[in-house]
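Grab a pencil and keep the viewer open. These short exercises walk you through one protein model, step by step.

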Amino acid sequence: MGVKSLVYSSQHRILISGSWDSTLHIHHPSSPSIPPASVVLPSKPFSISLTATKLVVAMASRALHIYDLAALTAAASSLPETSEPTTTVTPIQIEPWQRREGSLKFMTRAVACMPNDAGYASSSIEGRVAVEWFDPSAESQARKYAFKCHRQANDQGIDVVYPVNALAFHPVHGTFASGGGDGFVALWDGVAKRRIRQYQKYASS
């Protein structure tokens, strides 16, 4: 099956891919004697993102798993080493640190983690973005919010809603960009909850 997403953790030196066969694969590029491992997911992963300590997997049916990267790396590294590099994948059992249901009502298109390791943003097919925090306390969860974006009024004054296909955080300032099916890229201040600017429309999404 095809690979949908790919991320690399420089802290743990592992390469993680999300596949349409509803699995995660964990590879060790710097230690080829450790065989690749796989984790079975409950549904197809649409997008994955990571911080220094966590991996976020956004899946079909609005399911979302958050894994502790240290625990995931330890489980994947515990497999017996081989004398020669192998492409044979070995399943491992590991529970997510958190299981969540996505805050948005419709299918998730993208997820991106905050550079400060505090939370993540996710986007959907119906022109919305949600911002959430990892801390499970009621106080932190009360801070989460969602907003509409990437919508254009047609000639009749009716909003045409576009999917938000991509999200990316700035590694220093913590602002983030969204790319929509309307061909626009917008910059957002997630703390002030406002749009900073919208770039000139691209030829395609």
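**Exercise 1.** Find which residues lie nearest the centre of the largest pocket.

*Solution.* Start with the lining: 17 residues line the largest pocket, and Met114, Trp133, Gly174, Gly190 and Val191 lie nearest its centre. A pocket here is an open set of points on a 1 Å grid over the protein atoms alone, where a 1.4 Å probe fits and protein lies on both sides within 12 Å along at least five of seven lines; lining residues have an atom within 4 Å of a point. Next, sort the lining by class: nine residues are nonpolar, five polar and three charged. (Ala, Val, Leu, Ile, Met, Phe, Trp, Tyr, Cys and Pro count as nonpolar, Asp, Glu, Lys and Arg as charged, and the others, Gly among them, as polar.) Finally, the space in this pocket is about 290 Å³, a volume filled by probe spheres set on the points, which are joined across faces, edges and corners.

Before you go on: this is a predicted model, where local features need pLDDT of at least 70, side-chain atom pairs count only at pLDDT 80 or more, and totals for chains, interfaces and linings use all residues. Residues are numbered from 1 along each chain as its sequence is written, and side-chain values use heavy atoms, with hydrogens and water left out.

**Exercise 2.** Work out which side chains of strand β18 are buried.

*Solution.* First, locate β18 at residues 185-189; strands are DSSP runs (E, at least two residues), numbered from the N terminus. Now split the side chains by face: Ala186 and Trp188 point one way and are buried, while Val185, Leu187 and Asp189 point the other way and are not. Buried means under 20% relative accessible area, with a 1.4 Å probe and protein chains only. That fits a general pattern: in a regular strand the side chains alternate between the two faces of the sheet.

**Exercise 3.** Find the strands that pair with β18.

*Solution.* Two strands pair if DSSP finds at least two bridges between them. On one side, β17 (residues 176-180) runs antiparallel to β18, with four bridges, and Ser178 has Ala186 as its bridge partner. Their hairpin has four residues between the strands, and Gly183 in the turn has a positive phi of about 90°. Then look at β19 (residues 194-198), which is also antiparallel to β18 over four bridges. Here Asp189 partners Arg194, and Lys193 in this hairpin takes a positive phi near 60°.

Notes: Buried means under 20% relative accessible area, exposed over 50%, partly exposed in between (1.4 Å probe, protein chains only).
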